[in-house]
Amino acid sequence: MARKTIGERLAQLEAQRKTLQIRLGKQERAIDTRRKVLIGALVLHRLENDRDVQFAGGIAEWLRRELPKFLTRDGDRDLFDDLLKPQANEPSIGDIGNGSAV
């Protein structure tokens with residue numbers, strides 16, 4: 001069996017390094033996506049189930065203020081239509097601080 005030259009071994013190691021870099025990138029993207037999903041699930045859960053009107057109202061108001069600036073595509077905005085429009089039974093930002101929302 002012929003031994004590989006140093007150049008061939010270096011090329012093989014470089015190919016392995018590239019493969020590992022790709023796998024690492026995929027793993028990092030998967031972790032990032034999972035974190036985003038979990039944070040989004042927490043926010044949605046708090047909006048739907050939180051009995052603390054001040055907290056839930058604050059999150060809803062913050063989302064209505066920040067999401068339109070963050071979302072750049074119409075399709076993305078459509079996904080959040082229900083969050084971006086104030087609900088009739090939801091306290092306004094003025095009601096939260098004065099106790100009339102309780």
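The accessible surface of the protein comes to about 8700 Å², and carbon and sulfur atoms account for 57% of that area. The model is a predicted one. Of its 102 residues, 12% count as buried.

The secondary structure consists of 5 helices and 0 strands, which reads along the sequence as α-α-α-α-α. Taking contacts between residues at least 6 apart in sequence, 29% join residues at least 24 apart.

**Surface patches**

Ile6, Leu10 and Leu13 make a nonpolar surface patch of about 340 Å². Isoleucine 6 belongs to helix H1, which covers residues 6-49. With a relative accessible area of 64%, isoleucine 6 is exposed, because exposed means over 50%.

A patch of negative charge on the surface gathers Glu48, Asp78, Asp81 and Asp82. Aspartate 82 sits in helix H4, residues 81-84. The relative accessible area of aspartate 82 is 51%, so this residue is also classed as exposed, the cut-off being over 50%.

**Salt bridges**

The whole structure holds 8 salt bridges. Among them are the following pairs.

| Salt bridge | N to O distance |
|---|---|
| Glutamate 14 and arginine 17 | 2.8 Å |
| Aspartate 50 and arginine 46 | 2.5 Å |
| Glutamate 66 and lysine 69 | 3.4 Å |

Glutamate 14 and arginine 17 both lie in helix H1, 3 residues apart, about one turn of the helix. Glutamate 14 is partly exposed at a relative accessible area of 31%, and arginine 17 is partly exposed at 43%.

In the pair with aspartate 50, the closest N and O atoms are 2.5 Å apart. Its partner, arginine 46, has 30% relative accessibility and therefore counts as partly exposed.

Glutamate 66 and lysine 69 are in helix H2 (residues 53-70); because they are 3 residues apart there, about one helical turn separates them. The two ends of this bridge fall into separate accessibility classes: glutamate 66 is partly exposed at 29% relative accessibility, whereas lysine 69 is exposed, with a relative accessible area of 58%. Glutamate 66 and lysine 69 also belong to a network of salt bridges that includes Arg65.

Key: Residues are numbered from 1 along each chain as its sequence is written. This is a predicted model: local features need pLDDT of at least 70, side-chain atom pairs count only at pLDDT 80 or more; totals for chains, interfaces and linings use all residues. Side-chain values use heavy atoms; hydrogens and water are left out. Patches are made of residues with over 30% relative accessible area and no salt bridge: like charges are joined within 9 Å, nonpolar side chains (Val, Leu, Ile, Met, Phe, Trp, Tyr) within 5 Å. Accessible areas come from the Shrake-Rupley method with a 1.4 Å probe; for residues, only the protein chains shown count as cover. A salt bridge is a side-chain nitrogen of Lys or Arg within 4 Å of a carboxyl oxygen of Asp or Glu. Lys and Arg count as positive and Asp and Glu as negative; His and the chain ends are not counted. The place of a charge is taken as NZ of Lys, CZ of Arg, CG of Asp or CD of Glu. Helices (H or I, at least four residues) and strands (E, at least two) are DSSP runs, numbered from the N terminus. Buried means under 20% relative accessible area, exposed over 50%, partly exposed in between (1.4 Å probe, protein chains only). Contact means heavy atoms within 4.5 Å.
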